[in-house]
Amino acid sequence: MTAAQGPRLRPTLDGIPTYKPGKPAGADAYKLSSNENPYEPLPGVLEAAVAAAGKLNRYPDMAGTELTAVLAERFGVPAEHIATGTGSVGVAQSLILATAGPGDEVVFAWRSFEAYPIITQVAGATPVPVPLTAGGDHDLDAMLAAVTERTRLIFVCNPNNPTGNVIHRAELERFLDAVPSDVLIVVDEAYIEFIRDPEVPNGVDLYRDRPNVCVLRTFSKAYGLAGMRVGFAIAHEPVANALRKTAVPFGVTQLAQDAAVASLRAEDALMVRVDALVEERTRVVTALRAQGWRIPDSQANFVWLELGERSQEFAAACAEAGVIVRPFPEGVRISIGEVEGNSIFLSVAEAFRKEL
(Lines give C-alpha, C1' and ligand atoms only; values in the text may rest on other atoms or scores of the structure.)
Protein backbone atom coordinates (compact mmCIF):
# COMPACT_ATOMS: atom_id res chain seq x y z
CA MET A 1 0.00 0.00 0.00
CA THR A 2 1.45 3.36 -1.01
CA ALA A 3 1.84 6.11 1.50
CA ALA A 4 -0.96 8.66 1.56
CA GLN A 5 -0.05 11.81 -0.36
CA GLY A 6 -2.82 14.07 0.81
CA PRO A 7 -5.20 16.14 -1.32
CA ARG A 8 -4.04 17.83 -4.49
CA LEU A 9 -4.01 21.59 -4.12
CA ARG A 10 -3.87 24.10 -6.95
CA PRO A 11 -0.21 24.50 -8.02
CA THR A 12 -0.76 28.24 -8.50
CA LEU A 13 -1.04 28.63 -4.73
CA ASP A 14 2.69 27.93 -4.40
CA GLY A 15 3.50 31.31 -5.90
CA ILE A 16 0.96 33.34 -3.93
CA PRO A 17 2.25 35.15 -0.84
CA THR A 18 0.15 35.18 2.30
CA TYR A 19 -1.23 38.58 3.20
CA LYS A 20 0.88 40.14 5.95
CA PRO A 21 -1.05 42.25 8.45
CA GLY A 22 0.55 44.91 10.59
CA LYS A 23 2.26 43.45 13.64
CA PRO A 24 0.16 43.47 16.80
CA ALA A 25 1.34 45.63 19.67
CA GLY A 26 1.83 44.43 23.21
CA ALA A 27 0.34 46.12 26.24
CA ASP A 28 3.33 48.46 26.49
CA ALA A 29 3.48 49.51 22.81
CA TYR A 30 1.49 51.68 20.40
CA LYS A 31 0.23 50.02 17.22
CA LEU A 32 0.91 52.26 14.24
CA SER A 33 1.11 49.43 11.73
CA SER A 34 -2.43 48.82 10.43
CA ASN A 35 -3.97 52.25 9.70
CA GLU A 36 -6.61 51.65 12.32
CA ASN A 37 -8.64 54.40 13.92
CA PRO A 38 -7.29 54.84 17.48
CA TYR A 39 -10.67 55.97 18.82
CA GLU A 40 -13.28 53.76 20.44
CA PRO A 41 -16.51 53.06 18.51
CA LEU A 42 -18.71 56.03 17.66
CA PRO A 43 -21.71 56.87 19.88
CA GLY A 44 -24.44 54.25 19.56
CA VAL A 45 -22.27 51.73 17.71
CA LEU A 46 -21.38 49.47 20.62
CA GLU A 47 -25.00 49.44 21.76
CA ALA A 48 -26.17 48.42 18.27
CA ALA A 49 -23.61 45.62 18.07
CA VAL A 50 -24.48 44.31 21.54
CA ALA A 51 -28.18 44.27 20.67
CA ALA A 52 -27.45 42.33 17.47
CA ALA A 53 -25.32 39.86 19.46
CA GLY A 54 -28.49 38.74 21.22
CA LYS A 55 -29.52 37.04 17.97
CA LEU A 56 -26.31 35.22 17.16
CA ASN A 57 -28.31 32.03 16.66
CA ARG A 58 -29.83 33.58 13.51
CA TYR A 59 -28.27 34.20 10.13
CA PRO A 60 -27.67 37.85 9.22
CA ASP A 61 -29.74 39.61 6.57
CA MET A 62 -27.86 38.41 3.49
CA ALA A 63 -29.13 41.33 1.43
CA GLY A 64 -28.01 43.88 4.04
CA THR A 65 -31.35 45.58 3.49
CA GLU A 66 -31.13 48.36 6.07
CA LEU A 67 -27.45 49.09 5.51
CA THR A 68 -27.98 49.19 1.75
CA ALA A 69 -30.92 51.57 2.11
CA VAL A 70 -28.97 53.92 4.40
CA LEU A 71 -25.95 53.89 2.08
CA ALA A 72 -28.12 54.55 -0.97
CA GLU A 73 -29.66 57.57 0.75
CA ARG A 74 -26.30 58.76 2.05
CA PHE A 75 -24.68 58.77 -1.41
CA GLY A 76 -27.72 59.54 -3.53
CA VAL A 77 -27.53 56.34 -5.57
CA PRO A 78 -30.03 53.55 -6.31
CA ALA A 79 -30.03 50.74 -3.78
CA GLU A 80 -29.44 48.36 -6.70
CA HIS A 81 -26.02 50.01 -7.15
CA ILE A 82 -24.82 49.03 -3.65
CA ALA A 83 -23.07 45.76 -2.82
CA THR A 84 -21.61 44.97 0.59
CA GLY A 85 -18.85 42.58 1.61
CA THR A 86 -16.30 41.62 4.23
CA GLY A 87 -14.34 44.84 4.17
CA SER A 88 -13.37 46.56 0.95
CA VAL A 89 -10.81 43.81 0.34
CA GLY A 90 -13.60 41.23 0.37
CA VAL A 91 -15.51 43.28 -2.17
CA ALA A 92 -12.34 43.70 -4.24
CA GLN A 93 -11.86 39.94 -4.36
CA SER A 94 -15.47 39.48 -5.46
CA LEU A 95 -14.87 42.04 -8.23
CA ILE A 96 -11.95 40.03 -9.56
CA LEU A 97 -13.90 36.78 -9.36
CA ALA A 98 -16.65 38.48 -11.36
CA THR A 99 -14.35 39.78 -14.09
CA ALA A 100 -11.10 37.83 -14.36
CA GLY A 101 -9.83 34.27 -14.50
CA PRO A 102 -6.95 32.31 -16.06
CA GLY A 103 -5.49 34.19 -19.00
CA ASP A 104 -6.96 37.52 -17.89
CA GLU A 105 -5.00 40.44 -16.43
CA VAL A 106 -5.53 42.87 -13.55
CA VAL A 107 -3.57 46.15 -13.65
CA PHE A 108 -2.61 48.20 -10.59
CA ALA A 109 0.09 50.60 -9.43
CA TRP A 110 2.94 49.20 -7.36
CA ARG A 111 3.60 49.59 -4.61
CA SER A 112 -0.04 49.90 -3.69
CA PHE A 113 -2.46 47.90 -1.53
CA GLU A 114 -0.72 44.64 -0.72
CA ALA A 115 -3.82 42.53 -1.34
CA TYR A 116 -4.20 43.41 -5.04
CA PRO A 117 -1.68 40.88 -6.42
CA ILE A 118 -2.75 38.24 -3.90
CA ILE A 119 -6.46 38.28 -4.66
CA THR A 120 -5.70 38.46 -8.39
CA GLN A 121 -3.64 35.29 -8.24
CA VAL A 122 -6.21 33.52 -6.06
CA ALA A 123 -8.68 34.01 -8.92
CA GLY A 124 -6.15 32.51 -11.33
CA ALA A 125 -5.68 35.80 -13.17
CA THR A 126 -2.36 37.52 -13.89
CA PRO A 127 -1.33 40.60 -11.87
CA VAL A 128 0.20 43.44 -13.87
CA PRO A 129 1.95 45.81 -11.42
CA VAL A 130 2.96 49.19 -12.84
CA PRO A 131 5.72 51.01 -10.89
CA LEU A 132 4.86 54.26 -9.15
CA THR A 133 6.64 57.40 -10.24
CA ALA A 134 9.77 58.50 -8.39
CA GLY A 135 7.55 60.69 -6.22
CA GLY A 136 5.23 57.83 -5.26
CA ASP A 137 2.35 58.76 -7.60
CA HIS A 138 0.31 56.52 -9.88
CA ASP A 139 1.91 56.58 -13.33
CA LEU A 140 -1.39 56.72 -15.18
CA ASP A 141 0.22 56.91 -18.62
CA ALA A 142 2.20 53.75 -17.92
CA MET A 143 -0.90 52.06 -16.51
CA LEU A 144 -2.82 52.94 -19.66
CA ALA A 145 0.02 51.57 -21.77
CA ALA A 146 -0.16 48.32 -19.76
CA VAL A 147 -3.77 47.71 -20.81
CA THR A 148 -4.11 44.89 -23.35
CA GLU A 149 -6.95 42.87 -24.82
CA ARG A 150 -6.54 40.58 -21.79
CA THR A 151 -7.07 43.35 -19.22
CA ARG A 152 -10.31 42.90 -17.31
CA LEU A 153 -9.91 45.14 -14.26
CA ILE A 154 -7.78 48.09 -13.10
CA PHE A 155 -7.35 49.13 -9.47
CA VAL A 156 -6.78 52.83 -8.77
CA CYS A 157 -6.02 53.43 -5.09
CA ASN A 158 -6.80 57.05 -4.19
CA PRO A 159 -5.20 57.96 -1.78
CA ASN A 160 -2.60 55.32 -2.45
CA ASN A 161 -1.72 52.86 0.28
CA PRO A 162 1.08 52.95 1.50
CA THR A 163 2.45 56.23 0.12
CA GLY A 164 -0.59 58.46 0.78
CA ASN A 165 -0.34 60.20 -2.61
CA VAL A 166 -3.50 61.28 -4.42
CA ILE A 167 -4.64 61.64 -8.02
CA HIS A 168 -6.28 64.91 -9.01
CA ARG A 169 -9.54 65.21 -10.91
CA ALA A 170 -8.27 66.22 -14.36
CA GLU A 171 -5.68 63.47 -14.65
CA LEU A 172 -7.99 60.80 -13.22
CA GLU A 173 -10.86 61.75 -15.52
CA ARG A 174 -8.51 61.70 -18.51
CA PHE A 175 -7.39 58.21 -17.52
CA LEU A 176 -10.92 56.89 -16.93
CA ASP A 177 -12.08 58.13 -20.30
CA ALA A 178 -9.07 56.66 -22.12
CA VAL A 179 -9.49 53.12 -20.76
CA PRO A 180 -11.58 50.81 -22.99
CA SER A 181 -15.21 50.78 -21.87
CA ASP A 182 -15.23 47.00 -21.38
CA VAL A 183 -12.51 47.18 -18.69
CA LEU A 184 -13.75 47.65 -15.12
CA ILE A 185 -11.95 50.45 -13.25
CA VAL A 186 -12.13 50.15 -9.47
CA VAL A 187 -11.47 53.41 -7.61
CA ASP A 188 -10.43 52.28 -4.14
CA GLU A 189 -11.24 55.07 -1.68
CA ALA A 190 -10.59 53.38 1.66
CA TYR A 191 -9.12 56.62 3.04
CA ILE A 192 -11.28 59.25 1.35
CA GLU A 193 -12.51 60.76 4.62
CA PHE A 194 -8.97 61.99 5.38
CA ILE A 195 -8.53 63.91 2.13
CA ARG A 196 -8.24 67.68 2.44
CA ASP A 197 -6.90 68.43 -1.05
CA PRO A 198 -9.79 70.09 -2.95
CA GLU A 199 -8.42 68.90 -6.29
CA VAL A 200 -9.09 65.24 -5.45
CA PRO A 201 -12.40 64.04 -6.90
CA ASN A 202 -15.03 61.98 -5.13
CA GLY A 203 -15.24 58.64 -6.90
CA VAL A 204 -19.01 58.57 -6.57
CA ASP A 205 -19.19 61.62 -8.85
CA LEU A 206 -17.00 59.84 -11.39
CA TYR A 207 -19.01 56.61 -11.42
CA ARG A 208 -22.40 58.20 -12.13
CA ASP A 209 -22.02 58.54 -15.91
CA ARG A 210 -19.34 55.88 -16.40
CA PRO A 211 -20.76 52.31 -16.41
CA ASN A 212 -17.26 50.79 -16.15
CA VAL A 213 -16.30 52.65 -12.95
CA CYS A 214 -16.83 51.10 -9.52
CA VAL A 215 -16.08 52.79 -6.19
CA LEU A 216 -14.80 50.89 -3.15
CA ARG A 217 -15.37 52.15 0.39
CA THR A 218 -14.83 50.69 3.85
CA PHE A 219 -15.94 51.13 7.45
CA SER A 220 -12.56 49.87 8.69
CA LYS A 221 -10.60 53.12 8.68
CA ALA A 222 -12.30 56.44 9.46
CA TYR A 223 -15.40 54.77 10.92
CA GLY A 224 -13.31 52.63 13.26
CA LEU A 225 -14.93 49.26 12.49
CA ALA A 226 -11.80 47.38 11.42
CA GLY A 227 -12.76 44.46 13.65
CA MET A 228 -16.22 44.16 12.10
CA ARG A 229 -15.16 43.59 8.47
CA VAL A 230 -17.69 45.52 6.45
CA GLY A 231 -17.14 47.39 3.22
CA PHE A 232 -19.15 48.21 0.12
CA ALA A 233 -19.03 49.03 -3.54
CA ILE A 234 -21.00 51.57 -5.53
CA ALA A 235 -21.32 50.40 -9.12
CA HIS A 236 -23.81 50.25 -11.95
CA GLU A 237 -26.35 47.48 -11.71
CA PRO A 238 -24.64 44.78 -13.83
CA VAL A 239 -21.47 45.04 -11.74
CA ALA A 240 -23.35 45.25 -8.43
CA ASN A 241 -25.39 42.18 -9.40
CA ALA A 242 -22.20 40.31 -10.23
CA LEU A 243 -20.80 41.23 -6.81
CA ARG A 244 -23.82 39.73 -5.10
CA LYS A 245 -23.27 36.51 -7.04
CA THR A 246 -19.59 36.20 -6.14
CA ALA A 247 -19.85 37.28 -2.50
CA VAL A 248 -19.64 34.73 0.31
CA PRO A 249 -23.24 34.13 1.44
CA PHE A 250 -23.98 35.73 4.82
CA GLY A 251 -20.43 37.10 4.89
CA VAL A 252 -21.29 40.38 6.59
CA THR A 253 -22.55 39.61 10.08
CA GLN A 254 -25.59 41.31 11.57
CA LEU A 255 -23.33 42.86 14.19
CA ALA A 256 -21.29 44.44 11.41
CA GLN A 257 -24.35 45.63 9.49
CA ASP A 258 -25.98 47.22 12.54
CA ALA A 259 -22.67 48.77 13.67
CA ALA A 260 -22.20 50.27 10.19
CA VAL A 261 -25.70 51.75 10.18
CA ALA A 262 -25.12 53.26 13.63
CA SER A 263 -21.79 54.67 12.42
CA LEU A 264 -23.44 56.34 9.44
CA ARG A 265 -25.93 57.94 11.80
CA ALA A 266 -23.10 59.34 13.92
CA GLU A 267 -21.23 61.13 11.13
CA ASP A 268 -21.10 64.44 13.00
CA ALA A 269 -19.06 62.76 15.75
CA LEU A 270 -17.08 60.91 13.08
CA MET A 271 -15.93 64.12 11.41
CA VAL A 272 -14.77 65.57 14.71
CA ARG A 273 -12.50 62.56 15.13
CA VAL A 274 -11.34 62.59 11.51
CA ASP A 275 -10.51 66.30 11.75
CA ALA A 276 -8.47 65.59 14.88
CA LEU A 277 -6.54 62.85 13.06
CA VAL A 278 -5.91 65.14 10.10
CA GLU A 279 -4.62 67.81 12.48
CA GLU A 280 -2.33 65.24 14.08
CA ARG A 281 -1.19 64.13 10.61
CA THR A 282 -0.23 67.74 9.89
CA ARG A 283 1.78 67.87 13.13
CA VAL A 284 3.63 64.67 12.24
CA VAL A 285 4.35 65.71 8.65
CA THR A 286 5.57 69.14 9.72
CA ALA A 287 7.89 67.62 12.32
CA LEU A 288 9.29 65.06 9.88
CA ARG A 289 10.05 67.70 7.27
CA ALA A 290 11.70 69.87 9.91
CA GLN A 291 13.93 66.87 10.68
CA GLY A 292 14.97 66.77 7.03
CA TRP A 293 12.80 63.94 5.71
CA ARG A 294 11.41 64.21 2.19
CA ILE A 295 7.97 62.65 2.38
CA PRO A 296 4.87 62.59 0.16
CA ASP A 297 1.96 64.89 0.89
CA SER A 298 -0.15 62.17 2.50
CA GLN A 299 -3.91 62.58 2.29
CA ALA A 300 -4.56 59.40 4.29
CA ASN A 301 -4.21 58.48 7.97
CA PHE A 302 -0.58 57.46 7.63
CA VAL A 303 2.79 58.76 6.46
CA TRP A 304 5.47 57.12 4.34
CA LEU A 305 9.24 57.08 4.75
CA GLU A 306 11.11 55.77 1.73
CA LEU A 307 13.93 53.91 3.47
CA GLY A 308 14.59 51.05 1.09
CA GLU A 309 16.94 48.44 2.52
CA ARG A 310 16.97 50.17 5.91
CA SER A 311 13.21 49.76 6.39
CA GLN A 312 13.48 46.74 8.68
CA GLU A 313 16.16 48.47 10.72
CA PHE A 314 13.95 51.49 11.22
CA ALA A 315 10.96 49.32 12.17
CA ALA A 316 13.10 47.51 14.73
CA ALA A 317 14.22 50.83 16.25
CA CYS A 318 10.58 51.90 16.53
CA ALA A 319 9.61 48.60 18.17
CA GLU A 320 12.40 48.96 20.70
CA ALA A 321 11.08 52.43 21.57
CA GLY A 322 7.51 51.16 21.97
CA VAL A 323 5.78 51.74 18.63
CA ILE A 324 4.95 49.15 15.97
CA VAL A 325 5.14 50.38 12.36
CA ARG A 326 4.75 48.63 8.99
CA PRO A 327 7.92 48.01 6.97
CA PHE A 328 7.86 47.22 3.24
CA PRO A 329 10.84 46.53 0.96
CA GLU A 330 10.67 50.11 -0.32
CA GLY A 331 9.94 51.97 2.89
CA VAL A 332 7.97 52.20 6.11
CA ARG A 333 4.33 53.19 6.59
CA ILE A 334 3.41 54.76 9.92
CA SER A 335 -0.24 55.12 10.89
CA ILE A 336 -1.45 58.26 12.64
CA GLY A 337 -2.51 57.00 16.05
CA GLU A 338 -2.49 58.25 19.61
CA VAL A 339 -0.56 61.49 20.15
CA GLU A 340 1.84 59.78 22.56
CA GLY A 341 2.67 57.01 20.09
CA ASN A 342 3.14 59.49 17.25
CA SER A 343 5.55 61.49 19.41
CA ILE A 344 7.61 58.41 20.19
CA PHE A 345 7.81 57.64 16.47
CA LEU A 346 8.96 61.19 15.76
CA SER A 347 11.74 60.84 18.34
CA VAL A 348 12.94 57.64 16.67
CA ALA A 349 12.73 59.28 13.24
CA GLU A 350 14.79 62.25 14.40
CA ALA A 351 17.55 60.05 15.79
CA PHE A 352 17.51 57.79 12.73
CA ARG A 353 17.67 60.74 10.36
CA LYS A 354 20.88 61.96 11.97
CA GLU A 355 22.51 58.61 11.15
CA LEU A 356 21.62 58.70 7.44
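Start with the whole surface switched on: the accessible surface of the protein comes to about 16,600 Å², and 54% of that belongs to carbon and sulfur atoms. The areas come from the Shrake-Rupley method with a 1.4 Å probe, and for residues only the protein chains shown count as cover. Keep in mind that this is a predicted model, where local features need pLDDT of at least 70, side-chain atom pairs count only at pLDDT 80 or more, and totals for chains, interfaces and linings use all residues. Residues are numbered from 1 along each chain as its sequence is written, and side-chain values use heavy atoms, with hydrogens and water left out.

Now switch to cartoon view. You should find twelve helices and twelve strands; these are DSSP runs (helices are H or I, at least four residues; strands are E, at least two), numbered from the N terminus. The radius of gyration is 21 Å, close to the 21 Å that the globule rule gives for 356 residues, so the protein is as compact as a globular protein of that length. That radius is taken over C-alpha atoms, and the rule is 2.2 Å times the number of residues to the power 0.38. Along the principal axes, the C-alpha atoms fill a box of roughly 65 × 55 × 50 Å.

Next, colour by burial. Of the 356 residues, 52% count as buried, meaning under 20% relative accessible area (1.4 Å probe, protein chains only).

Select residues 30-336. UniProt lists this stretch, in an unreviewed entry, as "domain: Aminotransferase class I/classII large"; such annotations may be inferred rather than shown by experiment. The stretch is 39% helix and 17% strand, and its end C-alpha atoms are 11 Å apart.

Zoom in on helix 2, residues 65-75. Which of its residues are buried? Show Leu67, Thr68, Val70, Leu71, Ala72 and Phe75 as sticks: those are the ones. They pack against strand 2 (82-85), helix 7, strand 7 (213-218), strand 8 (231-234) and helix 9 (254-264). Just after helix 2 comes glycine 76, with a positive phi near 65 degrees.

From there, hop to helix 7 (residues 203-207) and pick glycine 203. Is glycine 203 buried or exposed? Buried, with a relative accessible area of 0%. Leaving aside neighbours within four places in sequence, glycine 203 is in contact (heavy atoms within 4.5 Å) with Glu189 and Val215. For a last stop, draw a distance from glycine 203 to glutamate 189: they are 14 residues apart in sequence and 7.5 Å apart in space, C-alpha to C-alpha.

Note on methods
Buried < 20%, exposed > 50% of the residue type's maximum accessible area, 1.4 Å probe, protein only.
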